[in-house]
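User: Could you take a close look at the core of this protein for me, and walk me through what holds it together? I'd like one connected story rather than a list.

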Amino acid sequence: MDSRSVLRNTVAAVIAATVAGGGSGVAWAGEWAGEWAAAEQTGESVRPVTHVGVWTTRVTARPTRFRQAPAKTRSKAYAFRLVTRHTWSGQQFQCLDSLWTRESNWDHRAYNQGSGAYGIPQALPGQKMGYVAGDWRFNPQTQIRWGLRYIKGRYGSPCGAWGHFRSHNWY
């Protein structure tokens, strides 16, 4: 028998004894097994031994592998999906990444004190992103959708906007 079979049989015996005896956490193995067998033959009752100790473990809110990516990474992934839906190439996303990294570093709360521009695309004024959705102040997806519509309407593509930005320092 391998160790898994032994473990499986032990667990099955403990569960069966617990169900039959009506207790929980009953110790049936080792030295008590002999007592139990002897008591069964003579008709005596043996009170099962109950574990009194407490086993505690630390619990985290989420396992490490399920933690969310940083907001900047999630925003870039969302923008990439939208860029490819517009049938723009990967190079267009690289231009968009360069543009918005320069403008706001992909921070959806970025605010320019001098001009009043707001969000990932640095909309001026920021409230004009409100025609996409009312949550424009705190939702990076709304800002990205607005920014891509603006770029498509004014420059035709992200590389067009990036080229304008490089020559004029604004888009």
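Analyst:

**A close look at the core**

This is a predicted model, with a pLDDT that averages 82 over the protein, and 63% of the residues score at least 70. One stretch to be wary of is residues 24–28, where the pLDDT is below 50, although in the model this stretch has 18 contacts beyond near neighbours in sequence. Where pLDDT is low, the predicted coordinates should not be read in detail.

Now to the part you asked about. The largest nonpolar core has 21 residues, and the ones that touch the most other members are Leu96, Leu99, Trp100, Trp106, Ile144, Leu148 and Tyr171. Helices α3, α4 (90–103), α5 and α6 each give two or more residues to this core. Helix α4 supplies the largest share, 5 residues. As background, nonpolar side chains tend to be buried together in soluble globular proteins.

Leu96 is a good place to start looking around. Leaving aside residues up to four places away in sequence, Leu96 touches Ala79, Val83, Trp106, Leu148, Ile151 and Pro158. There is also another core, lying apart from the largest one: it has 6 residues, including Tyr118, Val132, Trp136 and Trp146.

Trp106 turns up among the contacts of Leu96, and it deserves a stop of its own. Trp106 sits in the loop between α4 and α5. Trp106 counts as buried because its relative accessibility is 2%, under the 20% cut-off. Its backbone is worth a glance too: phi of Trp106 is near 60°, a positive value in a residue other than glycine. On the side-chain side, ring pairs link Trp106 into a cluster with Phe80, Phe93 and Trp100.

Another neighbour of Trp106 is Ser75, which lies in helix α3 (residues 71–85). Besides Trp106, Ser75 touches Ile120, Pro140 and Ile144, again not counting residues up to four places away in sequence. With a relative accessible area of 4%, under the 20% cut-off, Ser75 is buried.

The loop that holds Trp106 has a couple of other backbone features. Gln122 also has its place in the loop between α4 and α5, and it shows a positive phi of about 55° although it is not a glycine. At 11% relative accessibility, Gln122 counts as buried. Then there is Pro125, likewise placed in the loop between α4 and α5: a cis peptide bond joins Leu124 and Pro125, with omega about -10°.

Back to the rings. Searching the whole structure turns up 9 aromatic pairs. One of them is Tyr150 with Tyr171, an edge-to-face pair at 5.8 Å centre to centre with 65° between the planes. This pair links distant parts of the chain, 21 residues apart: Tyr150 is in helix α5 (residues 140–155), while Tyr171 is in the segment after α6 (158–168). Tyr171 is buried, with a relative accessible area of 10%. Tyr171 has a second partner: the ring centres of Tyr155 and Tyr171 are 6.2 Å apart and the planes stand at 45°, so this pair is tilted. Tyr155 lies in helix α5 and Tyr171 in the segment after α6, so the pair ties together parts that are 16 residues apart in sequence. Tyr155 also counts as buried, at 18% relative accessibility.

So much for side-chain packing; what about covalent links? The count comes to 1 disulfide, and it joins Cys95 to Cys159, with S to S at 2.2 Å. The link of Cys95 and Cys159 is right-handed, with 80° about the S-S bond. Because Cys95 lies in helix α4 and Cys159 in helix α6, the pair ties together parts that are 64 residues apart in sequence. Cys95 itself is buried, with a relative accessible area of 11%.

To put it together: α4 gives the core its largest share of residues, and α4 also carries Cys95, one end of the disulfide to α6. The buried Trp106 sits in the loop between α4 and α5, and Tyr171, in the segment after α6, pairs with Tyr150 in α5.

Notes:
Residues are numbered from 1 along each chain as its sequence is written. Side-chain values use heavy atoms; hydrogens and water are left out. Helices (H or I, at least four residues) and strands (E, at least two) are DSSP runs, numbered from the N terminus. Buried means under 20% relative accessible area, exposed over 50%, partly exposed in between (1.4 Å probe, protein chains only). Contact means heavy atoms within 4.5 Å. Rings of Phe, Tyr and Trp (its six-membered ring) pair if their centres lie within 6.5 Å; planes under 30 degrees apart count as stacked, over 60 as edge-to-face and the rest as tilted. A nonpolar core is a set of buried Ala, Val, Leu, Ile, Met, Phe, Trp, Tyr and Cys residues joined through side-chain atoms within 4.5 Å. A disulfide is a pair of cysteine sulfur atoms within 2.5 Å. pLDDT is the predictor's confidence in each residue, from 0 to 100.
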